[in-house]
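Welcome! Let's explore a protein together through a few short questions and answers.

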Amino acid sequence: DLLKHTPCSHHDHPLLQDALCISQSFLSSINEEITPRRQPAAARKGENRQLVKDSYVVELVEGARKLRHIFLFTDMLLCAKLKKQTAGKTPQYDSKWYIPLSDLTFQAGEESDTPPIPQVPDEEIDSMKAKISHIRAELQREKGTSKGVKAMERMKKKLSEQESLLLLSCPNMPLRIHNRNGKSYMFLISSDYERTDWKDIIREQQKKCFKSVSLSSLELQMLTSSCVKMQNIHHIPLTVNREDSESPGLYGSLNVIVHSASGLKQSLNLYCALEVDSFGYFTNKAKTRVYRYTTEPNWNEEFEIELEGSQFLRLLCYEKSYNRNKLNKEDGESTDRIMAKGQIKLDPQTLQGKDWQRTVIAMNGIEVKISVKFTSRELSPKRRSSPKETGVFGVRISAVTKRERSKVPYIVRQCLEEIERRGLEEVGIYRVSGVATDIQTLKAAFDANNTDVSVMMGEMDVNAIAGTLKLYFRELPEPLFTDELYSNFAGGIALSDSVAKESCMLNLLLSLPEPNLLTFLFLLDHLKRVAEKESINKMSLHNLATVFGPTLLRPSEKDSKIPTNPTQPISMGDSWSLEVMAQVQVLLYFLQLETIPTPDSKRQSILFSTEV
């Protein structure tokens, strides 16, 4: 209307014309009839800005972790913060900064200094997971009961707070973004897959974008406002934001065989890594050996991966770099190059059968053949005695030590000796899965009392040896900490008085049968030596407790509190999580004790005698 009554020669006419263009562009961008992906955003006349990708990420700002929503457009990267929402109101964003793609680089200038990444202690992460599992289990119990709507809403709010805190605390992998004009920013990502995804898609857009862009404050405000309607990721990945029909994920173990890869254009030193999600973020779970200088690697390696509410399996193909001095200019870290990546959805319906499901993951022209088999937690193997008279797997530890006339089983001593010889600096030792076929070969050799077992171990990947040791403890007919004392240990670790806790836990430990106690002390000393190399192997005391806690404490089926009825809802994983966390805390307690006093200095005389 103003334009109709404003002569073309008037100095306000071009300004009104610009205002009309911006308004029309903005209104069209929030028109709900437009398809949500790659919608046009507010732009100057003649420009066509579209949304390419958006996601919630963690930004490191002056040493503090902040939750951000980043939007990649065809010509710029915009970082925004979600404003606090009032019930029933449309969500709104505040823009924090933007970088034109023509000015964006992943390589810092010479004078740029890299801020340290503040690490959240593993104990705090574990505490958050325990709280989340507890609230989830409580919500599941209260569904369909007469509990008031307000009480349920309060519980959901608590759950959101804890899950948001966990998502903020977990990522530690840096993604550094630099503006050629000087300013630098750092995001923290939980997995290499996501970090590479962002880099690849930004680089792809940069190839098409040559012109720099500069927004006025009004244009920036309008663009940020339009993000609400354009976003593809509408919610932070929290439980309360899930649709009721959405799968809660899988709980149990996933066996994965990585068969082979094809489609490589040149011979490379190639290996694969596997990632799965739990609690809303992804972590690396296993990796194959490096297949040297070939275009058709045939790994045929099997891994067993623990699933905790997992929905996706990701696979990454890396080219191994053997030049330790060659640093990645973008991360400042020694790194291997990602050649390809892909993922599959873990569909509960498809994986319900006990048979192997064979599939191909196609990515960047490379195809990787894999097979997967899922075993739900309710159907996972239970501890049971071996029917064999001989052997060590599935045989009581007291029977093995009596037969061997030793204080600590030969298998434990051999595995620990080999790992101390060449595995203390292996990244992820005990956490990264070993090849299942190698583990089974070693198991058979120890069971048959094969005299060449030490030679075989010297030729195998150290992760397979670590896996054999874990399997030995996992297959004991009774846990190392015994069924009888399990509930006492769980009760002792929950005591709030530190003096009472120490007295209780030490008395319980010294109540273990002698072979169990001496084997545990032998293992404990070893795990502490592993943790001393944490800066290299990335295995803290807490990480080691997470791996070994359930292995050493998980009770036999008859003593477990875990429901075994397969018809129970899959959310029983939450009660399992709480029990596992208690087992982790018990082992962590002993790992953190500087010394464990034992009567008559029995420990010293035994652990350092030739009898062991």
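Q: What share of the contacts in the protein chain with a separation of 6 or more comes from residues 24 or more positions apart?
A: Keep in mind that this model is predicted. Among contacts with a separation of 6 or more, we pick out those whose residues lie 24 or more positions apart in the protein chain. Their share is 71%.

Q: How many helices and strands are there in the protein chain?
A: Two kinds of element are counted here, helices and strands. The protein chain has 18 helices and 17 strands.

Q: Is C170 buried or exposed?
A: A residue counts as buried under 20% relative accessible area. C170 has a relative accessibility of 14%, so C170 counts as buried.

Q: And is C8 buried or exposed?
A: Here the cut-off to use is the one for exposed residues, over 50%. C8 has 67% relative accessibility, so C8 counts as exposed.

Q: How many disulfides does a search of the whole structure find?
A: A disulfide is a covalent bond between the sulfur atoms of two cysteines. To count as one here, the two sulfur atoms must be within 2.5 Å. The number of disulfides found in the whole structure is zero.

Q: Are α8 and α11 roughly parallel or roughly antiparallel to each other?
A: The axes of helix α8 (residues 410-422) and helix α11 (residues 462-474) come within 10 Å and cross at roughly 150 degrees. Residues making the contact include I411 and L416 of α8 and I465 and F473 of α11. Angles over 145 degrees count as roughly antiparallel. Therefore α8 and α11 are roughly antiparallel.

Note on methods
Residues are numbered from 1 along each chain as its sequence is written. This is a predicted model: local features need pLDDT of at least 70, side-chain atom pairs count only at pLDDT 80 or more; totals for chains, interfaces and linings use all residues. Side-chain values use heavy atoms; hydrogens and water are left out. Buried means under 20% relative accessible area, exposed over 50%, partly exposed in between (1.4 Å probe, protein chains only). Helices (H or I, at least four residues) and strands (E, at least two) are DSSP runs, numbered from the N terminus. Contact means heavy atoms within 4.5 Å. Axes are lines fitted to C-alpha atoms, for helices over the stretch in contact, and angles run from 0 to 180 degrees between N-to-C directions. Angles under 35 degrees count as roughly parallel, over 145 as roughly antiparallel, 65 to 115 as roughly perpendicular and the rest as oblique.
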